[in-house]
Amino acid sequence: MIVVRRKPIDEILKMVGRHTRVMLVGCNTCAAVSLAGGQKEVDTLIELLSLAASRKGFSVEFSDAILERQCEPEFIEKLDSQGYDAILSLGCGAGVATLAGDNDKPVYPALDTLFIGSAQGFASWQAECSACGSCVLGETCGICPTTRCAKGILNGPCGGVKDGTCELGDRPCAWVEIYDRLESLGRIDDFGKTMPAKDNSISARCCEWDMTKEGDDS
Amino acid sequence: MNLHDALSSGTFAVTSEVGPPKGTDVSEMLASAEILRGRVHALNVTDNQAAVMRLCTLAACIHLKNAGHDAVYQVTCRDRNRLAMQSDLLGAASFGITNVLALTGDHIVVGDHPAAKSVFDYESVQLLETIVDLKGGRDAAGNELHGVPDFTIGAVVTPDAKPFRPQLAKFEKKVRAGATYFQTQAVYDPESFTSFSAYARGLGVKILAGVVVLRSAGMARFMNKNIPGIEVPQALIDQLEASNDPVQTGIEITARFIEQVRSECDGVHVMAVGAEHLVPRILDAAGL
Amino acid sequence: MSNIPPHKASEADKDRVFAPCRARCPVHIDVPGYLSAVAEGRFTDALEIVMQRNPLPSVCGRVCLRPCEEGCRRCNLDEPVAIAALKRAAADHGAYPLPRPMGTRPERVAIIGSGPTGLTAAHDLAQLGMKVTLFEEKPKLGGMLRYGIPNYRLPDDALDRDIGHIVSLGVETITGVRVGRDLNLDELAQTFDAVLIAAGLQGSRSVPIDGAHLPQVMTALDFLERSASGEKLDLGERVVVVGGGNVAMDVARTAIRQHAQSVDVICLESRDEMPASEHEIEDATLEGANVHCSWGPHAVIGDENVCALDTVRCTSIFDSEKRFAPEFDESELRRFEADTIILAIGQSADVGDLGINLTHRGSPIVDPVTLRTSHEGIYAAGDVVTGPTRIIDAIAHGHRAAAAIFGALVDDWSLLRELDLENTVLGEIPPHMSEMLETRRRIQMETVPFYEAIKNWGEIEEGYTEYEAAREAQRCLGCTTGARLAQEKCASCLSCMRVCPHGAPGVHVGGYMYFDMEACHACGTCASACPGSAISIEGCSPDEMVLRVQRALASPTIDQTIAFVCGHTRNALETLDPNARIVTVSCLLRVDESTVLQAFRSGAGRVAFSECDTGTCRFPHALKLVAQRERSIVSALTQIGMGDSFRIVGPASDEEAPS
Ligand SMILES: Cc1cc2nc3c(=O)[nH]c(=O)nc-3n(C[C@H](O)[C@H](O)[C@H](O)COP(=O)(O)OP(=O)(O)OC[C@H]3O[C@@H](n4cnc5c(N)ncnc54)[C@H](O)[C@@H]3O)c2cc1C
Ligand code: SF4
Ligand code: SF4
Ligand code: SF4
């Protein structure tokens, strides 16, 4: 799932403060699931923006809508934004982009898109994937070194690991975890295989993926 | 004698390091180097050490070279992609700078430009392979080079890393990738160091023991707590604590350590960590 | 006789899952609903909820026999919630609805008898807009509530509060008139569109023994009525009460207050078989009555001066088929000296003078569903029909009579149908849940000590203070009032599953969430965590919260503080702002960011959270989440330059707390 987080209010207000009627649009898929873009967050943000706007002397009127998924044009079609002069999206980057592409009004992001991650219990997520286009999880027992190693390195821990903790001190060392998991699966020999540097051209060329296009149907 | 010759002739190699300045004034760096002239086989030049931006390593190496020192060009993967690293390596070789030490590098967020984009297109193993490729006359993409560099290829290892086995596996990868000599993280326990060293030399690589002189018990405790892979034994801390002249005691500890491991390794790398002036005293005490 | 169109059970009816307390209550009061209102200090809301089903909250809060409490799911944990006493708290601390005569319809209904049955029917019919006239033989309204139940259990002013409200709906009352003697039933039936006989049981049973006619022998009802009317009776020194039920206990305790020197209660039943409530027996004993079990009255010995009751040993009272058939051992005799003997051995219907068809027990014959007698337009309800029951049964019958009369007169049977809707009862607390719930004893109500109590007729139980009531109500598990899911809003984020301490939420294949009602204790944690606002908890929807804030803020002064206060702990708000407007909540988690922000928009200058004492916290699992909520409120407000407007205060330490 895509994990998102609300931007600072000031930043949002700078974008929407110059408008008079703004529609906040939530997304009931990833953004809701990461507790930043569902009905509740839309309601809260409306309250917060109204309060902030009135303190700054802006008169902006806010209203709400929720889309099932903002990254799908068919869902967006259902949105009736007539009479509004701007849209504030509580979706991930893809949601904002899709809304913006489908609209004649300015669309602003209320959230920052953080990563593709997994849930770690309530209100807590871990980055798991960087969408690099060339997955190595098979070699690393499902722990992505590109994502979970702070340096994204591919051939084992750097010298910064301290008692199994990353040099940055904020996470376990991905490479120690990979080592342990390979070992527990009896695959420790694989650790010795040198992984070549990533072919970054794959993601560089991956601006779209259209299976219906000839030549793209790999 | 330069580093290459020392290592290949079996002479006990001695290296130390200098840090490039933040700015263009290299006089202090050269002054530090001057103190060590004739005492060490080569001087390492750090690469934006601790992710703090400084004068470029390559330029610093050229300054040292011009002043008649043998320099070790440290290359980290943090700030440059594979193109930049290769072209810098070729540039270094074109100036006759052929000692390279390949490292992954500290993370950007710990330095003075935390908002910068960290590169890590390569890490140390991949960098070593590419250096070997260059030495073989081809770049990383397999294209032929006109004018082929010759490098003495070094890498680093942390014998006291915790946990150790992943570190060891990575060390072995570096050996396979083509590193011929290794400089270790600061080590204090002769016994554990010599057992590592014996194993490593068995793989056909040279080992330079890393030493950092302890100037106080507080410094020792700080390093134990904060610096990954450093294990100062409690006995040494007690010794420093009890001493009226801890700096002298630290120097003696270091000298004794070198004495003890001398026959079990190929050299020593003295890290000054802010006390370059002490390096000659250490070398004196160790009889080097 | 009953020709109501058949009723089709709809899907919605099957969803009627009741908490066991509510299911056991004969009128199905929304118990968890009013308890949660009390828990939040909303006594008027609580009273309103009670009065939707029970027009006698002040009475029932004191003397209801509380079938609900036997069903309380806390029984398996520690002891039942003090459901009745909290009803009294609602009546004591809440405001009764303002008087508003309703009568907007043309129909006129006469009700004979102003006990709980008649009062309830009058209340309902008046609310439905009918013109109601209550006929009562006694000088005052209330039936057994006034003339049977003694004042030390139910004082007149408590009774009058309920009656006053009912009368204020525009009910006409005619007292001192006995229908059948002063007026006849036919006349009434002609003047009114319907007549309800709610005459109760005014006759007293007697025993066929020698001397029963002697002047020293009285009946319980006569004795209690005269006492209740303020008469000082000369009972002599020794009083013997015959009977083993609650009435006998009331008689014994009343006799003590009438200055009897010794009171002996004798009954056929063994101690275990006695029909009186355990606590009534205990109280009577404590006040000085001597209970003698397994003795049957044999003969009253005496003339004008000396008197005694001879008894024989009762060896058993029921036969093998559990029918009443006492056996005696005539060889074992015991004589109880007495100056007065009071028989409390049962009441009977006394409506022979009304001229309607009666059963062999003297009760009107009625259709069990509509309560109509064999006469068109004449109905009968309450104890007169059912024999002796409890007040709450009489109230239930009153509702039924009103619904049936309304149905017949207006041809709208929906009310009557509603009474017979099926309901499902929520099961017991699942074991994994009871393991997690802390045991909490019932909060003891202050009472007048027995040695003081017997000196006068004053009420013994003093009732809960507002704080005690809220604390006691916090013991309620909120059965059935917890998480309700609006499936279409759910994002399947699983947050509810992750935060619920009891594993109530679950997920089906396909990502559909469901909630196990039995495991839910309505803490509201899931609702507070749900990003889709898909979960609602009874009584604290966002709209309700806004309304409560606005109510609390009505006419705010400059810079008014609104304080959200955890109802579980005495707050220490005075340290912050003694004039803060207070909104009490069961858990601060029920106050979400937007509620706080809206409070500012509604005019609050500052918002405070008054936290509970972790030791007394009702929902300990929520503490961490409340802290997280507070941080996010502070962070949001700081971002818009209002960081100073939000404060958190801790609980008052118990020693300093004003009592
Ligand atoms: C001493 C005693 C204590 C009790 N304690 C409790 C208790 O603690 N809790 C509990 O739940 N239950 C208790 N009960 C039972 C409860 O009081 C009765 O079940 C209930 O009052 C029955 O209500 P009702 O309206 O049917 O009859 P009643 O309360 O008896 O009311 C009938 C009314 O009709 C009037 N009336 C009768 N005939 C006529 C007529 N022809 N014309 C005009 N008026 C007439 C009577 O005067 C009386 O006021 C007690 C009963 C007694 C006797
Ligand atoms: S805990 Fe509350 S809702 Fe549940 S049975 Fe007891 S009183 Fe009723
Ligand atoms: S979190 Fe609380 S309200 Fe929600 S389902 Fe669980 S017990 Fe019920
Ligand atoms: S918390 Fe709300 S949105 Fe998430 S799964 Fe539960 S009900 Fe659905």
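**Close-up views of ligands 1 and 4**

**View 1. Backbone contacts of ligand 1 in a predicted model.** A backbone N or O atom of C:T389 sits 3.2 Å from an oxygen atom of ligand 1, a polar contact being a pair of N or O atoms within 3.5 Å. For C:G143, a backbone N or O atom is 3.4 Å from an oxygen atom of ligand 1. A polar backbone atom of C:V179 lies 2.9 Å from a nitrogen atom of ligand 1. Of the 990 Å² of accessible area that ligand 1 has on its own, the protein covers 97% (Shrake-Rupley method, 1.4 Å probe).

**View 2. Elements and domains around ligand 1 of chain C.** Two or more residues of the shell come from each of α8 (116-127), β3 (131-136), α12 (220-228), α13 (246-257) and α16 (391-410) of chain C; helices (H or I, at least four residues) and strands (E, at least two) are DSSP runs. Domain 2 (108-200 + 380-419) and domain 3 (204-347) of chain C each give at least three residues to this shell, with bounds from an automatic or database domain assignment.

**View 3. The residues around ligand 1.** There are 34 residues around ligand 1, and C:V63, C:E136, C:R153, C:D383 and C:I391 come nearest (a heavy atom within 4 Å). By class, 16 are nonpolar, 10 polar and 8 charged.

**View 4. The shell around ligand 4.** Among the residues around ligand 4 are C:C490, C:C493, C:C496 and C:C530. This shell holds 9 nonpolar, 2 polar and no charged residues; Cys counts as nonpolar and Gly as polar.

Residues are numbered from 1 along each chain as its sequence is written, and side-chain values use heavy atoms. Chains are lettered from A and ligands numbered from 1 in the order in which they are written.

Technical notes:
Predicted model: local features only at pLDDT ≥ 70, side-chain atom pairs only at ≥ 80, totals over all residues. Polar contact = N/O pair within 3.5 Å; in protein donor to acceptor, adjacent residues only side chain to side chain.
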